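Welcome, and please keep your viewer open while you read. We will go from one selection to the next and look at what is there.

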There are 2 protein chains.
Amino acid sequence: MNYNKLTKILADRGLKITPQRVAVLEVLYEIRNHPSAEEVRQKLHSKYPSIAIGTIYNILDTFCENGIIKKVKTDSDFVRYDVDMENHHHIYGLNNNLIQNYHDEELDKLLKEYFAKKGIPNFQIKEFSLQIIGQYTNDQNQTKQK
Amino acid sequence: MNYNKLTKILADRGLKITPQRVAVLEVLYEIRNHPSAEEVRQKLHSKYPSIAIGTIYNILDTFCENGIIKKVKTDSDFVRYDVDMENHHHIYGLNNNLIQNYHDEELDKLLKEYFAKKGIPNFQIKEFSLQIIGQYTNDQNQTKQK
DNA sequence: ATGTCTGCAAAAGCTTTGCAAGTAC
DNA sequence: GTACTTGCAAAGCTTTTGCAGACAT
């Protein structure tokens, strides 16, 4: 993702273009693996040794408010952030603490139709998010990244 | 839930029967609405003004380890606990911060069959948990309980 | 009697906040 | 020039930990 694309994302939301914001956004698109605020800071450290953790939280909050990223909660962990804003599901790897996004329109359709038919009393569904929990069985995903 | 039933749950796991553990367990079955540690402490206050918050965390952890309760994570919130140990899904009310359990065997079957057919490469699924996010449309569920 | 549990308080870890200085527009 | 943003440090909040005394078995 080049500089112009990144700044456009900010400008489109009327956000001021600061080097810190651009750098954080770049890292988010680079990592893509649901980093925590602390992981963002570490990744940024070579480029931006001076950036404050408070500023990173601040920027991530701003991005959330402006629909650039989403928060993702995991079990017994801290907050992680996700640049993927399309509706999607999550695969939780118990053996490597990895969270992967799972896109599947067929599944979305299946769920939508199921609840259109079945319904929940006094409740208007806005969205679904399926958590798929299990074990990775290959080697390339064994990296611990807690 | 009477005293004997509560103590049996503890005894079955080889846990010592202490008044604090029984009281916490009783409250969990009484509330059933995914309380936080702090909410448990408040609910317990009339019966047990002296119980320490550290002890509550301690007890809740022990219960988790022994399969009596589960942790539930919510977006931008603290940990909540759930006595419902059967596989189930969660309904998140955006307008009242309520989390309800949703049991649906038909849905479980649907998901199981879908992924049996479709599969995820290099991944062995252990369980599913669907988050159903939306708004309650009636009045009786409007109580804020954050 | 012994090993476990509780209460208390302090500490830890993630996140938020306040404010002065700096920066984007 | 003005309003917003950053850096820094302190504070806040939930959760964990250490230890002495108490309790269940």
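Helices here are DSSP runs of H or I with at least four residues, numbered from the N terminus. With that in hand, please bear in mind that this is a predicted model.

**Stop 1: chain A as a whole**

Select chain A and colour it by secondary structure. You should find 5 helices and 5 strands. Walking along the sequence, the order is α-α-α-α-β-β-β-β-α-β. The C-alpha trace of chain A extends over about 55 × 40 × 25 Å along its principal axes.

Now switch the colouring to pLDDT. The average for chain A is 88, and 90% of the residues reach at least 70. Zoom in on residues 141-146 of chain A, where the pLDDT falls below 50; the stretch nevertheless has 19 contacts in the model beyond near neighbours in sequence. Where pLDDT is low, predicted coordinates should not be read in detail.

**Stop 2: DNA strand C**

Next, select DNA strand C and display the protein residues around it. Which residues come nearest to DNA strand C? Of the 17 around the strand, the nearest are A:Tyr57, A:Val79, B:Thr18, B:Gln20 and B:Arg21. Both protein chains appear in that list.

Colour the helices and you will see that H4 of chain A, along with H2 and H4 of chain B, each provide at least two residues of the surface near DNA strand C. H4(B) gives the most, with 3 residues. Sorted by class, this surface has 8 nonpolar, 5 polar and 4 charged residues.

What part of the strand faces the protein? Among the atoms of DNA strand C within 4 Å of the protein, 81% belong to sugar or phosphate, and the rest to bases. Three distances are good ones to draw:

- From a backbone N or O atom of A:Ile17 to a phosphate oxygen of DNA strand C: 3.0 Å.
- From a polar side-chain atom of B:Lys16 to a sugar or linking oxygen of DNA strand C: 3.1 Å.
- From an N or O atom in the side chain of B:Gln20 to a sugar or linking oxygen of DNA strand C: 2.7 Å.

**Stop 3: DNA strand D**

Move the selection to DNA strand D. It is surrounded by 17 residues, and the closest are A:Thr18, A:Gln20, A:Arg21, B:Tyr57 and B:Val79. The helices that each supply at least two residues of the surface near DNA strand D are H2 (19-31) and H4 (53-65) of chain A and H4 (53-65) of chain B. Here H4(A) gives the most, with 3 residues. The surface near DNA strand D holds 8 nonpolar, 5 polar and 4 charged residues.

Of the atoms of DNA strand D within 4 Å of the protein, sugar or phosphate accounts for 84%, and bases for the rest. Again, there are three distances to draw:

- From a polar side-chain atom of B:Tyr57 to a phosphate oxygen of DNA strand D: 2.2 Å.
- From a polar backbone atom of B:Ile17 to a phosphate oxygen of DNA strand D: 3.0 Å.
- From a polar backbone atom of A:Ser50 to a phosphate oxygen of DNA strand D: 3.4 Å.

**Stop 4: helix packing in chain B**

Hide the DNA and select H1 (residues 3-12) and H2 (residues 19-31) of chain B. Their axes come within 10 Å and cross at roughly 110 degrees, so H1(B) and H2(B) are roughly perpendicular to each other. Show side chains for B:Tyr3, B:Leu6, B:Thr7, B:Ile9 and B:Leu10 on H1(B), and for B:Arg21, B:Val22, B:Leu25, B:Glu26 and B:Tyr29 on H2(B); these make the contact. They divide into 7 nonpolar, 1 polar and 2 charged residues.

Keep H2(B) selected and add H3 (residues 37-44) of chain B. How do these two helices cross? Their axes come within 10 Å, at an angle of roughly 105 degrees, which means that H2(B) is roughly perpendicular to H3(B). On H2(B), the contact involves B:Ala23, B:Val24, B:Val27, B:Leu28 and B:Ile31, and on H3(B) it involves B:Val40, B:Lys43 and B:Leu44. By class, the residues of this contact are 7 nonpolar, no polar and 1 charged.

Technical notes: Residues numbered from 1 in each chain as written. Chains lettered and ligands numbered in written order. Predicted model: local features only at pLDDT ≥ 70, side-chain atom pairs only at ≥ 80, totals over all residues. Heavy atoms only, no water. Near = heavy atom within 4 Å. Polar contact = N/O pair within 3.5 Å; in protein donor to acceptor, adjacent residues only side chain to side chain. Nonpolar A, V, L, I, M, F, W, Y, C, P; charged D, E, K, R; others polar. Axes fitted to C-alpha atoms, helices over the stretch in contact; angles between N-to-C directions. Parallel < 35°, antiparallel > 145°, perpendicular 65-115°, else oblique. Contact = heavy atoms within 4.5 Å. pLDDT = per-residue confidence, 0-100.
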